[in-house]
Amino acid sequence: MKIALMDSGIGLLAAAAAVRKLRPDADLVLSSDPGSMPWGPRTPEGVAECALAVARAAAAHRPDALIVACNTASVHALPALRDELEPGIPVIGTVPAIKPAASGGGPVAIWATPATTGSPYQRGLISTFAQGVQVTEVPCPGLADAVENADGTGIDRAVAAAAALTPPGVSAVVLGCTHYELVAERISAAVRQPGRPAPVLYGSAEAVAAQALRRTGAVPAPSAGPSGTLTVLLGGHVAELPVAALAYPQGLLLGAVSPAL
């Protein structure tokens, strides 16, 4: 079984690590194009163009499924990706985990990029899945870029700024950008209030990994032998994992696998 994942940069690491834990025997293809970042400020047509290029590079390796491990690409390019690749390659998009976060009754904070915060797409999800729940949309300027570059100082600064905009009584925080899942522990520490339970963080990596297996007809087998290979594509070319990826536990987990160069 071969699962491909795509993103502008290393935001795909969380979902890739989730797939690796469910199926250590799965071959993984990680396709990104850091040179085209950031995708958020681009027009929808521009995002679709970038996403299609990254997806085509992954599709050339004939995966059994493709995970769009990027919220921006899922918003603006998912129909185009599915039109081109399905039914030959099932395409799984990433949706912010607003529904499960709101199921507890709230209040909920949604951390997202400035381009996504307040967007019709995000407001539509809130209206559909969080009616009657107090929701605060929190823009996180600079956080995805800092995570992409493993800039510890930049991460701390962006997380602190977003935490200051997060109401102290929230019970859940939705991580509305895949990059944010790589620094979930820092976010949890920043939003925790003395004397209060820590808010539950809701990412999407585990859900999309499980959905990818379902779409391929596979079942979780976490005890399978760790025989899966790793192919990294940067701008369509086979490469090593970016050095910044190894700053995160998910990257170290994947980096322990022999690359399929």
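**Close-up views of a predicted model**

**View 1. A salt bridge joins Asp156 and Arg186.** Asp156, with a relative accessible area of 43%, is partly exposed. The model shown in this and the following views is a predicted one. The side chain of Asp156 meets that of Arg186 in a salt bridge, with an N to O distance of 2.9 Å. Asp156 belongs to helix 7 and Arg186 to helix 8, and the pair, 30 residues apart, links distant parts of the chain. Arg186 is likewise described as partly exposed, its relative accessible area being 36%.

**View 2. Glu86 and Arg215 form a salt bridge that links distant parts of the chain.** The two side chains meet at 3.1 Å, taken from N to O. Glu86 is placed in the loop between helix 3 (71–85) and strand 4, whereas Arg215 sits in helix 9 (residues 205–216), and the two are 129 residues apart. With a relative accessibility of 25%, Glu86 counts as partly exposed, and Arg215, at 36%, counts as partly exposed as well. This pair also belongs to a network of salt bridges in which Arg82, Glu86 and Arg215 are linked. For the model as a whole, the count of salt bridges comes to six.

**View 3. Strand 6 and helix 5 are tied together by Glu137 and Arg123.** The side chains of Glu137 and Arg123 meet in a salt bridge with an N to O distance of 2.4 Å. Because Glu137 lies in strand 6 (residues 135–139) and Arg123 in helix 5 (residues 120–129), the pair ties together parts that are 14 residues apart in sequence. The two partners are described in different terms of accessibility: Glu137 counts as buried at 19% relative accessibility, the cut-off for this term being under 20%, while Arg123, with a relative accessible area of 46%, is partly exposed.

**View 4. Glu181 is buried but has no salt bridge.** Glu181 is found in the loop between strand 7 (172–175) and helix 8 (184–191). The nearest side chain of opposite charge is that of Lys21, 10.0 Å away, whereas a salt bridge would need a nitrogen of Lys or Arg within 4 Å of a carboxyl oxygen. The side chain of Glu181 does, however, reach the backbone nitrogen of Ala205, at 3.4 Å. When neighbours within four places in sequence are left aside, the residues in contact with Glu181 are Ala14, Leu175, Gly203, Ser204, Ala205 and Gln250.

**View 5. The side chains of Thr166 and Trp111 are joined by a polar contact.** The distance of this contact is 3.0 Å. Thr166 occupies a place in the loop between helix 7 (152–164) and strand 7, and is buried, with a relative accessible area of 8%. Beyond its neighbours within four places in sequence, Thr166 is in contact with Ala109, Trp111, Val138 and Val191. Thr136 stands 30 residues from Thr166 in sequence, and the C-alpha atoms of the two residues are 7.3 Å apart in space.

**View 6. Cys140 and Cys177 are shown as cysteines without a disulfide.** The count of disulfides in the model comes to zero. For Cys140, the nearest cysteine sulfur is that of Cys177, which is 8.5 Å away, and for Cys177 the nearest is that of Cys70, at 7.1 Å. Both distances can be set against the cut-off of 2.5 Å between the sulfur atoms of a disulfide. Cys140 counts as buried at 3% relative accessibility, and Cys177, at 9%, counts as buried too.

**View 7. Strands 3 and 4 pair in an open sheet of six strands.** The order of the strands in this sheet is 4-3-1-2-9-10, and the pairing is mixed. Strand 4 (91–92) and strand 10 (237–239) stand at the edges, each with a single partner strand, so one side of each has no neighbour in the sheet. The partner shown here for strand 4 is strand 3 (residues 65–68), and the two run in the parallel sense, paired over two bridges. Within this pairing, Ile67 stands opposite Ile92 of strand 4.

Definitions and conventions: Residues are numbered from 1 along each chain as its sequence is written. This is a predicted model: local features need pLDDT of at least 70, side-chain atom pairs count only at pLDDT 80 or more; totals for chains, interfaces and linings use all residues. Side-chain values use heavy atoms; hydrogens and water are left out. Helices (H or I, at least four residues) and strands (E, at least two) are DSSP runs, numbered from the N terminus. Buried means under 20% relative accessible area, exposed over 50%, partly exposed in between (1.4 Å probe, protein chains only). Lys and Arg count as positive and Asp and Glu as negative; His and the chain ends are not counted. A polar contact is a pair of N or O atoms within 3.5 Å; within protein, one must be able to donate a hydrogen and the other to accept it, and residues adjacent in sequence count only if both atoms are side-chain atoms. Contact means heavy atoms within 4.5 Å. Two strands pair if DSSP finds at least two bridges between them.
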